[in-house]
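Colleague: I should like to learn how the features of a model are read. Please begin with a single residue and its surroundings.

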Amino acid sequence: MLDKIFEVDFNRLISLNLPVDLRQLKWLTWLQCLVSPVKMIDSKFKAFRSANLYTLAHNGQVCFLRKVLNDSFDPGLRRIYIAEGSKYDRNYIYTNAEKQPKYLGKMYLRQASDYADSGVDFRVIIPIGFNLNAVIHQMKAAIDFYKLASKRYKIEYDE
């Protein structure tokens, strides 16, 4: 309903506002040439408006964030998805303070961001064949724009 107020047929508007005795091909084409910059501005306005409506229609919810990422970076196959962040508890064999006879040193079974106390809130999973180096900054900017300020994330490849 509201989209109809932005639809203007400039050619029809020219011909309707031109007096009947001046409605010749020469005058119509000349006035259409004069209105062509306005047509260009109108098309840019409509594109800008539709981009803003798309942005306003999406937020940081998982379903909307997944849709935005797939629309932007994988529109054909739509293989990007969002998973829960890893919340593993830290497992210690022996620590330095315990002074046990078989202290094995530091062993890293998972990355530091995989643990609950220093981890991530969600993971963006991309397919193996996806070229992340080409779009990493755009993808991070899109995620940062839509996610909540307190949420942390990690982009990783699918296994």
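Modeller: Contact means heavy atoms within 4.5 Å. Apart from its neighbours within four places in sequence, Glu156 is in contact with Arg123, Val124, Ile125 and Ile126. This is a predicted model, in which local features need pLDDT of at least 70 and side-chain atom pairs count only at pLDDT 80 or more, while totals for chains, interfaces and linings use all residues. Residues are numbered from 1 along each chain as its sequence is written, and side-chain values use heavy atoms, with hydrogens and water left out.

Colleague: In which strand does Glu156 lie? Does one count Glu156 as buried or exposed?

Modeller: Helices (H or I, at least four residues) and strands (E, at least two) are DSSP runs, numbered from the N terminus. Glu156 lies in strand S3. For accessibility, buried means under 20% relative accessible area, exposed over 50%, and partly exposed in between, with a 1.4 Å probe and protein chains only. Glu156 counts as buried because its relative accessibility is 16%.

Colleague: With which side chain does the side chain of Glu156 make a polar contact?

Modeller: A polar contact is a pair of N or O atoms within 3.5 Å; within protein, one must be able to donate a hydrogen and the other to accept it, and residues adjacent in sequence count only if both atoms are side-chain atoms. The partner here is the side chain of Lys154, at 3.5 Å.

Colleague: How are salt bridges read, and what does the count come to?

Modeller: Side chains of opposite charge can pair when their charged atoms come close. The rule requires a side-chain nitrogen of Lys or Arg within 4 Å of a carboxyl oxygen of Asp or Glu, and the count comes to 9. One of them joins Arg123 to Glu156, with the closest N and O atoms 2.5 Å apart. Arg123 lies in strand S2 and Glu156 in strand S3, so the pair ties together parts that are 33 residues apart in sequence. Both of these residues are buried.

Colleague: Where do Asp121 and Arg152 lie in the chain?

Modeller: Asp121 and Arg152 meet through their side chains in a salt bridge of 3.9 Å, N to O. Asp121 is in the loop between S1 and S2 and Arg152 in the loop between H4 and S3, distant parts of the chain, 31 residues apart. Asp121 is partly exposed at 22% relative accessible area, as is Arg152 at 39%. In addition, a network of salt bridges links Glu7, Asp42 and Lys46.

Colleague: In what order do the strands form the sheet?

Modeller: Two strands pair if DSSP finds at least two bridges between them. Here 3 strands form an open sheet, S1-S2-S3, with mixed pairing. S1 and S3 (153-157) stand at the edges with a single partner strand each, so one side of each is left without a neighbour in the sheet. S1 and S2 run antiparallel, joined by 4 bridges; the partner of Ala83 in S2 is Arg123.

Colleague: Which strands does H3 touch?

Modeller: H3 packs on the sheet, touching S1 and S2, and its direction makes about 145° with that of S1. Axes are lines fitted to C-alpha atoms, for helices over the stretch in contact, and angles run from 0 to 180 degrees between N-to-C directions. The buried residues of H3 are Leu65, Val68, Leu69, Asn70 and Phe73. Their cover includes helix H2 (25-57), strand S1 (81-84), strand S2 (122-126) and helix H4 (132-146).
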